[in-house]
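Please open the model in a viewer and keep the selection tool at hand. The stops below are to be taken in order.

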Amino acid sequence: MIYWMSRDQRVRDNWALLYAQHMAVRQGAPLAVIFCLVPDFLGASIRQYGFMLKGLRQVEKALQANNIPFYLLVGSPPNEIVRFINKFRISSVVTDFDPLRVKTLWKHEVLEKIDIPLFEVDAHNIVPCWVASSKQEYGAYTLRPKIKKLLPFYLDEFPKLKSHPVDWRGPATKISWDRLASSLLIDTSVPEITWLEPGEQAARQLLARFVAGGLKHYVNDRNDPTLSGQSNLSPYLHFGQLSAQRAALAIAGASVPAAIKDAMLEELIVRRELADNFCHYNPSYDTFDAFPDWAKKTLNAHRRDRREFIYSRDVLEQGETHDPLWNAAQHEMVRRGKMHGYLRMYWGKKLLEWTRSPEEALQFALYLNDRYELDGRDPNGYAGIAWSIGGVHDRAWSERPIFGKIRYMSYNGCRSKFNVDKYVADTMNL
DNA sequence: ATCGGCTCGCGCAA
DNA sequence: TGCGCGAAGCCGAT
């Protein structure tokens with residue numbers, strides 16, 4: 001029995017791993033965990049690889065302590081996984097669910113080449129994506145009641161991983177982590193970040209600190225980029241170093257007013273599951289085609305509108321527009337690998353305003369997001385960008401140039417909500 | 001400081 | 001068929 005680990009890179013609170021062990025124990029079979037590194041994964045840089053590899057190092061250790069070997073393969077996942085299955089005469093495979101096209105493709109390629117069962121476990125969401133809804137949802141308001149109904153059943157405590165009772169028969173593995181990082185063909189021009197400690201242990205510590213401290217200010221502070229009101233858990237959630245279910249359990253059990261819990265759980269559960277729902281049921285999630293009809297129509301009607309500012313990708317990447325707030329948000333992302341959640345919306349809206357077409361806006365947004373954000377290439381990012389530029393999960397608003405009926409956001413609006421000058425000054429000092 | 005209108009379509013009640 | 005209301009707003013009137 002193997003667990004092909006991919007999206008959920010942790011040992012604790014991992015339903016895919018727990019399920020694999022459960023079945024292995026029932027069959028009296030040994031268990032191993034396999035991770036396949038792709039040398040050039042969708043333009044990921046050392047910033048993302050570094051964070052991930054440090055987390056995987058801890059995965060290896062924690063698995064060893066449970067008598068489960070960890071294999072790190074390098075190459076094309078379908079080829080490597082199939083080769084491993086044949087070499088070790090594996091009887092069945094468990095893998096974690098990921099709605100992105102590339103993972104779906106790998107999964108199907110593996111399925112074509114093996115004649116053993118492959119089980120897919122949604123270890124990322126609390127209510128499994130395909131259980132929560134069987135179609136693309138129109139907005140949070142259509143998904144929310146479905147999730148709420150199922151939550152009492154799914155939001156429960158995890159069993160503990162056992163020390164695996166059956167020894168693995170293969171040769172002992174020795175991963176040379178230090179050599180590995182330098183052998184990959186990774187873009188090193190985007191440096192690693194140092195303000196956040198990678199790995200599931202650090203993730204759980206941050207969660208505990210947040211629940212004991214920042215959570216009570218969350219509702220008031222989260223939309224003010226000059227305050228540290230956000231949880232900063234998203235990089236851990238993205239790499240699966242933290243289970244959303246673990247975070248939800250911690251928040252549900254916190255001693256703060258119900259309104260605060262609800263707001264945080266809304267973010268952690270409904271919006272994350274909505275993003276997975278979007279990517280899972282709409283494979284065009286990163287294109288104009290994924291926008292709702294009313295949005296396509298209105299954006300098409302405004303294609304020829306005069307644009308006062310048009311910036312090249314390079315000028316945007318350097319953060320050299322006329323708008324100090326936008327430049328600061330871009331700078332924050334480049335330096336820290338994480339842009340404040342509220343500003344991600346403003347940042348995306350302005351890309352629509354300052355580029356030649358919605359397609360170009362989308363292309364620039366995805367390029368910059370995936371290059372600099374620690375949590376790039378995540379359904380949350382795709383859904384967020386589609387919301388900003390294409391009205392996904394949103395509704396129509398007053399028609400105006402370029403945007404048509406897509407919701408607009410303005411510099412003055414930000415000024416009325418938070419201290420823009422302070423944010424710009426603080427951020428440019430990073 | 002606060003309020004209403006803007007504007008689309010889903011899902012449910014009837 | 002009608003109606004309420006929604007992922008974070010904007011703008012102008014009061």
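The tour goes from the DNA surface to a pair of helices.

The model is predicted, with local features requiring pLDDT of at least 70 and side-chain atom pairs counting only at pLDDT 80 or more, while totals for chains, interfaces and linings use all residues. Residues are numbered from 1 along each chain as its sequence is written, chains are lettered from A and ligands numbered from 1 in the order in which they are written, and side-chain values use heavy atoms, leaving out hydrogens and water.

**DNA strand B**

Select DNA strand B and the residues around it: Lys135, Glu137, Tyr138, Tyr141, Thr142, Trp294, Arg395, Ala396, Trp397, Ser398 and Lys405. A residue is near the strand if one of its heavy atoms lies within 4 Å of it. By class, this surface has five nonpolar, two polar and four charged residues; Ala, Val, Leu, Ile, Met, Phe, Trp, Tyr, Cys and Pro count as nonpolar, Asp, Glu, Lys and Arg as charged, and the others, Gly among them, as polar. Of the strand B atoms within 4 Å of the protein, sugar or phosphate accounts for 77%, and bases for the rest.

Next, select Lys405, which places a polar side-chain atom 2.6 Å from a phosphate oxygen of strand B. For Lys135, the distance from a polar side-chain atom to a phosphate oxygen of the strand is 3.1 Å.

**Helices H15 and H16**

Move to residues 324–336, helix H15, and residues 341–353, helix H16 (helices are DSSP runs of H or I, at least four residues, numbered from the N terminus). Their contact (heavy atoms within 4.5 Å) involves Leu325, Trp326, Ala329, Gln330 and Met333 of H15 with Leu343, Tyr346, Trp347, Lys350 and Leu351 of H16. Eight of these residues are nonpolar, one is polar and one is charged.

Definitions and conventions
Axes are lines fitted to C-alpha atoms, for helices over the stretch in contact, and angles run from 0 to 180 degrees between N-to-C directions. Helices (H or I, at least four residues) and strands (E, at least two) are DSSP runs, numbered from the N terminus. A polar contact is a pair of N or O atoms within 3.5 Å; within protein, one must be able to donate a hydrogen and the other to accept it, and residues adjacent in sequence count only if both atoms are side-chain atoms.
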